[in-house]
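Student: Please take me closely through one part of this model. I would like the helix and loop around a buried serine, then whatever else helps me place that part in the whole.

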Amino acid sequence: MVNQQIAQKFYKTADLLEILGENPFRVRAYRNAARTIESLGRDLSEMVANGEDLTKLPGIGKDLAQKIKEIIETGSFDKLRELEEKVPPGLIELLKVEGLGPKRIKTLYETLGITTLEELRDAAAQGKISALPGFGKKLEQTILKGVILAKKEGRRFKWAYAESFANELVRFLKKAKGLNKIEVAGSFRRKKETVGDLDILVTAARPEKIIEHFVTFPDIKTVISKGQTRSTVILSSDIQVDLRAVEEESYGSALHYFTGSKPHNIAIRALALKAGLKINEYGVFKGNKRIAGRNEEDIFGAVGLPYIEPELRENRGEIEAAMEGRLPVLVTLDDIKGDLHCHTTWSDGQYSIEEMALAARDLGYSYIAITDHSRRLAMIKGLDEKKLVEQRAEIDRLRAKIEGIHILHGIEVDILEDGSLDLSDEALGSLDIVIAAIHSKFKLSKEKQTTRLLKAMDNPNVNIIAHPTGRLIGEREGYDLDMERIMEHARQRGCVLELNAQPSRLDLNDVHLKLAKDMGIKISIATDSHNRDNLLFMRFGINQARRGWIEAGDVINCLSFQRLVSILDKQNKI
Ligand code: DGT
Ligand code: CA
Ligand code: CA
């Protein structure tokens, strides 16, 4: 439990008390305490463990000190649990909306039954809010705008999920008469693992026609705005879409600007200023003269840079690398030669080894590793030593039968709580490839969880650590790990780290990938497929890899089969 989390609990308590109209003095006390905790230089959990007196901290009395202990021990505290029972969970989100305080939220709840941002937005769009005494048209508009902002902060969509809507919209917009260029910009184009909203850019002879067509998209729930060159809508899936039409001569600048990221844009603008240029979404200007704008290459060129791939535009060193001519040549799907993490009907997969191998061959791969679960996961038929021998016989049979694809016999072996592995060294040693993974005891302390993984890497049979942090996007934080130690150990051991390509995992993340790359650690981009279609998840892994500056040379499944096998052999001798 870190200080931020404890502070959040107190902020939440204050908000809930306020919505319920309780004593303002108590509300303020919780907020003050939260602020103290937020800015505290030391770890509260440690202070409690050391038996230090918390009441010495400003704004923390006996009562709050006790609650802090309760949070550290139980994850929350009774008073908050009680408040959470009383107040519908969506109401607290409404506080983020400009123009809405606890009193008004209470009114909206009691008269219109509004409990979520979506309900608030719909009520505002339908004019129900301005009809309430004391609210009015102007406030309704403020609220509508506020909802959009609050939603943007609050709700993000997995890239793969957003993609289906983006594709559908592009297909639909392409049917509009007179449409010229179209591109989905923003975080979507940067392939960020989650997307806040979709930013579509078009050029057209008559932009207003495109807007007219856009708002007839069948999946629209609410049209927020509709002008001559701009429109914002909400889809029934709650994804917000911004459409902007720009002039041809500004298309490159607009595309660059709306692709972002904001920090990247700001850094580019600083470069332009240094060169005596002005840059905005309309172009790059020297005085009043537009010297670039039509395409993105020219925008970068105008500030003295080569083209930078959208995935790199996070101001994480790409501008310096571009200046020094050392931008990475990012890995592509075409570089991938095989998939090293797949399940079959032998454990919890839905297809046979043969079917998976043939599907991999159809993708043009030259190899696939069959890596079912190990025995500890008995509920999903995890394999024991005996079953592994039987599976080997089946794989040998298929190797003789199927041409054009190499089948590696592997396992996704469970890492037990103490870091030992779920199968004997002898059994593991008989396999072509071993990936090790944590599937239980997610809540161990940082120290224990870290040493657990370090120990697993020490087993000379282990080639790859699968989904190293265990996070599930938007659902579960990763295990508490000392990633620097993990990476350092992987480097020393020559252990490969997986980039799990499942759209809800994408584990390692972009930042960790770059760290791994910089340390010389090799990556396996793998789909963790449980059926044939899952093999197509590879491209989500590629997206994330590119955001992490990964090149083909960093990826073991970009190696030919012979090179791969020699690397796996070498690993096992360390
Ligand atoms: P998202 O939607 O939260 O996943 O992230 P983005 O990056 O798509 O952000 P969004 O939709 O707010 O804006 C799209 C792009 O527009 C953003 O990446 C950079 C650009 N942009 C937006 N606001 C600003 C700004 O205040 N300054 C600059 N320089 N660029 C901005
Ligand atoms: Ca966006
Ligand atoms: Ca946007």
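Tutor: What follows starts at that serine and then works through other sites, one at a time.

This is a predicted model. Start with serine 253. It sits in helix H13, which covers residues 251-259. Its relative accessible area is 3%, so serine 253 counts as buried, the cut-off being under 20%. Beyond its close sequence neighbours, serine 253 touches a run from Asn280 through Glu281, Tyr282 and Gly283 to Val284, plus Ala292, Gly293 and Ile299. One of these contacts has a polar component. A polar atom of the serine 253 side chain lies 3.2 Å from the backbone nitrogen of glycine 283. Alanine 292 gives a C-alpha distance to go with its contact. Serine 253 and alanine 292 are 39 residues apart along the chain, yet their C-alpha atoms are separated by 7.8 Å.

Now follow the chain out of H13. Serine 261 lies in the loop between H13 and helix H14, residues 262-274. The peptide bond joining glycine 260 to serine 261 is cis, with omega about -5°. That deserves a second look, because most peptide bonds are trans.

The two residues of that cis bond are contacts of arginine 190. Arginine 190 touches Gly260 and Ser261, along with Thr259, Pro310, Glu311, Arg313, Glu314 and Arg547, leaving aside neighbours within four places in sequence. Arginine 190 itself is in a loop, between helix H11 (186-189) and strand S3 (194-195). It is a loop residue, but it is not exposed: at 7% relative accessibility, arginine 190 counts as buried.

Next, the metal. The calcium ion (ligand 3) takes its protein donors from Asp197, Asp199 and Asp242, with Asp197 listed for two OD atoms. These donors lie 2.1 to 2.9 Å from the ion. Along the chain their spacing reads D-x1-D-x42-D. Aspartate 197 does a second job. It bridges this ion and the calcium ion (ligand 2), and the two ions are 3.8 Å apart. Both aspartate 197 and aspartate 199 are buried.

Two further residues show how side chains meet distant parts of the sequence. Aspartate 15 is in helix H1, residues 3-19. Its relative accessibility is 18%, so it counts as buried, under the 20% limit. Its side chain makes a polar contact of 2.7 Å with the side chain of arginine 31. Ile92 and Leu95 join Arg31 as residues that aspartate 15 touches, not counting those up to four places away. Isoleucine 224 falls on the other side of the limit. It has a relative accessible area of 21% and is therefore partly exposed. It is found in strand S5, residues 220-226. Its contacts outside the local sequence are Arg121, Leu144, Ile148, Thr232, Val233 and Ile234. Isoleucine 148 is 76 residues away in sequence and 9.0 Å away in space, C-alpha to C-alpha.

Helix H17 gives a view of packing. It runs over residues 353-362, and its buried residues are Ile353, Glu354, Met356, Ala357, Ala359 and Ala360. They pack against strand S12 (367-373), helix H18 (385-401) and strand S13 (406-414). Just after H17, glycine 364 has a positive phi of about 90°.

Positive phi turns up in other residue types too. Most residues other than glycine have a negative phi. Leucine 506 has phi near 40°. It lies in the loop between S16 and H22 and is buried, at 6% relative accessibility. That loop, between strand S16 (496-500) and helix H22 (510-519), holds leucine 508 as well. The bond from aspartate 507 to leucine 508 is cis, omega near 15°. Aspartate 528 has phi near 55°. Its loop runs between strand S17 (523-526) and helix H23 (538-547). With a relative accessible area of 4%, aspartate 528 is buried.

Finish with the largest pocket. Its volume is about 830 Å³. It is lined by 25 residues, and Gln5, Glu477, Gly478, Tyr479 and Asp480 lie nearest its centre. By class, the lining is 10 nonpolar, seven polar and eight charged residues.

Technical notes
Residues numbered from 1 in each chain as written. Chains lettered and ligands numbered in written order. Predicted model: local features only at pLDDT ≥ 70, side-chain atom pairs only at ≥ 80, totals over all residues. Heavy atoms only, no water. 1 Å grid on protein atoms, 1.4 Å probe; cavity = no way out; pocket = protein on both sides within 12 Å on 5 of 7 lines; lining within 4 Å. Points joined across faces, edges and corners; volume = space filled by probe spheres on them. Nonpolar A, V, L, I, M, F, W, Y, C, P; charged D, E, K, R; others polar. Helix = DSSP H or I, 4+ residues; strand = E, 2+ residues; numbered from the N terminus. Buried < 20%, exposed > 50% of the residue type's maximum accessible area, 1.4 Å probe, protein only. Polar contact = N/O pair within 3.5 Å; in protein donor to acceptor, adjacent residues only side chain to side chain. Contact = heavy atoms within 4.5 Å. Donors = N, O, S within 2.8 Å, 3.2 Å for Na, K, Ca; no water.
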